[in-house]
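Me: I'm new to this one, so could you show it to me and take my questions as they come?

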Amino acid sequence: MYRLNDEQQRIAATAAAVAERELAPRAADVDRDAAFPRDSIAALGASGLLGLTVPKAHGGLGQGPRTAAAVIDAVAQRCPSTAMVYLMHLCGIACYAAAPDKTAPLLEAAAAGRHLSTLAFSEKGSRSHFWAPVSRASGSGNGAVSISAQKSFVTSAGHADGYVVVDTVGRRDAAARELDLPRPQRRRGRGSVGSVARTGSRAATPARR
Amino acid sequence: MTLSNVSVGADRALTADGKGLDMMLGVVLPLFQVGSAAVGIGIAEAAVQATIGHVTHARFEESNSSLADLPTLRAQIARMRIDTDRARAHLGAVLDSLESPGPATQLMVLEAKASGTETAAAVTEHGDADVRRRGLRRGARHRAPVPRRAGADRDGADERRRLRVHRPRPVRPGGVLMSRPLKVGAVMYDPKVSVIWEIIRDFFDAQGAPIDVAFYSTYEDQNDGLLSGAIDIAWNSPLAWVDAQRRSGNGCRAIAMRDTDRDRISYVVARRSGPVQTLDGPERAARLPPARSTRRRPRSSRSAACAARGSAPEWTSRSGGSTSSSASTAITSAASATRWPASTQGDAAACAMLDLNWEGWIKDGTIDANEFSIVGETDRFDHCVFTVRQALDPSAEKAWLDALFAMRYDNPAHREMMDLEGLKAWLPGRTTGFGPLTAAVESERFFAPASS
């Protein structure tokens, strides 16, 4: 029903095969333990799928939302947690791709399966109004800023290689930035929401704090 | 995730200051919406496939039929399939719109996530409720739905689908019958009956005496099941007990009952200023027993509904058939507090109710004792009983009763279940409390003559 062309069909078929082989056997454990599906993400990376939407000029597969939908569908059938982590990665990549002059190394790393991205939009104060961050970035000259914020609902928190954050500068104007944070040693706290448990995506339930 | 004075260089700014919102709404939102829909659709697809796989392969030992032979399950799977395809088709249309933007694009993009995730919730709910929670999950409890007898006003696949719970017999790997759970019948007068019995069934499981529960629309159907052997134990109202005895030639036994079901009285309550002052004739003064203090609370509506079914002939036992027909047609019965106002505001001259209801409603102010009084009452009678056929296997019966009597109100784990069922203790069954009702049923020719 996604009406894919030949190239898109090949990619979707590859995704289904990788998911069947590498993700499905781990999905039950990932869900039961609410463990971050690191091996599953690595498998997607090894098959080039972390670069699904990275422009071909940066080594990616250069696909758009149509192929992304088909691939995410195929992944979600085998491991919903991995699918959510993957979706948020693609969202982060979309932000990188909007500023390719600054993010070329990240795009290339993602295409090579070495970079997992995510979004850190929501904040404790903004609640679900993720488009209205309350945190402020204070300028320190040359366009550099210093950010303090309580980000909530961050999928892959503590596991991603890059985070796209939004903050406010000066008045209430939001700016998006990419952060390359060190991976903390400890696991993030995890919220558990009723319906999430049933759909087998517990491991992707974002950190609440 | 906490950021504390994280220093970010200008080379990491993905947008100019003030352009973050554009990126969030223009770049991220469409992909996030589409991708979230795809996650939901993938989850729904997995639920459909897993359900089809299971009902196709799981088989009943007894009949060598597969779960897929059940039309109710096939209908349910069809619904899951259609829901999933519909959401995927919608997502396809959203993608088309994104590629050729038009006035509808923004709305469709916003719809996508709701469509996909709601579908995942609905489809997994169907699979959950109708397959998995019914115990069809591989390796878990082996319970299988069987079509329920359709009630007169609840016919149709949908209604049947909700109501039956039945578990095939557990078998040893070699196929040898290990133990047969007793099948207990209950009349589903309210959806919450299934909730109560799910809890009770889990209790019996925990006691090592597993039961199946079968729900019926009417006590008549339930007695059909009891007398034909489809169920072993019937949770019968007083009238149903009398009917079971009548139809089986006294071939049944009452093995257990609630403490609160012993020595009940039905009252006829009338307005003090109203036309009914007594049911015994104008020459005799109305009896006005004082409201006795009691620690009992109003009955749950479960037992109240039983009372409603049983109260008419019980009342005639007190009246001895001498009540004038004009008086009896004016008497309504109030089985629940919500029906009380209707009983007092209509043209009913009096209202029949169980003693526990009278006491509870006086206490909580539903009934004003200055306005209403008891104008008549029945002899004491007993209420619901667990009814079995005379020949039920004694060891199975004992195991079941041992488990039942292990339910204790002072055990916090049992209390909710007992409160729902409206009792403090299970007692052995007795039949001495059904004398007046049995006599009244006969004198009123309440039941049609037994066909056999």
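Me: What does the pLDDT of chain B average?
Reply: This is a predicted model, where local features need pLDDT of at least 70, side-chain atom pairs count only at pLDDT 80 or more, and totals for chains, interfaces and linings use all residues. Residues are numbered from 1 along each chain as its sequence is written, while chains are lettered from A and ligands numbered from 1 in the order in which they are written. pLDDT is the predictor's confidence in each residue, from 0 to 100. In chain B, 70% of the residues score at least 70, and the average is 75.

Me: Over residues 130-178 of chain B, how many contacts are there beyond near neighbours in sequence?
Reply: The pLDDT there is below 50, and where pLDDT is low, the predicted coordinates should not be read in detail. Two residues are in contact if their C-beta atoms, placed from the backbone, lie within 7 Å. For this stretch the model has 84.

Me: Which element of chain B gives the most to the side that touches chain A?
Reply: Chain B puts 48 residues into the contact and chain A 56. Elements are DSSP runs numbered from the N terminus: helices (H or I, at least four residues) and strands (E, at least two). Strand 1 (2-8) and helix 2 (71-99) are among those giving two or more residues. The top giver, with 20 residues, is helix 1.

Me: Which residue of chain B stands opposite A:Ser146?
Reply: Strands pair if DSSP finds at least two bridges between them. Strand 3 (residues 145-150) of chain A and strand 1 of chain B run antiparallel, joined by five bridges. Facing A:Ser146 from strand 1 of chain B is B:Ser7.
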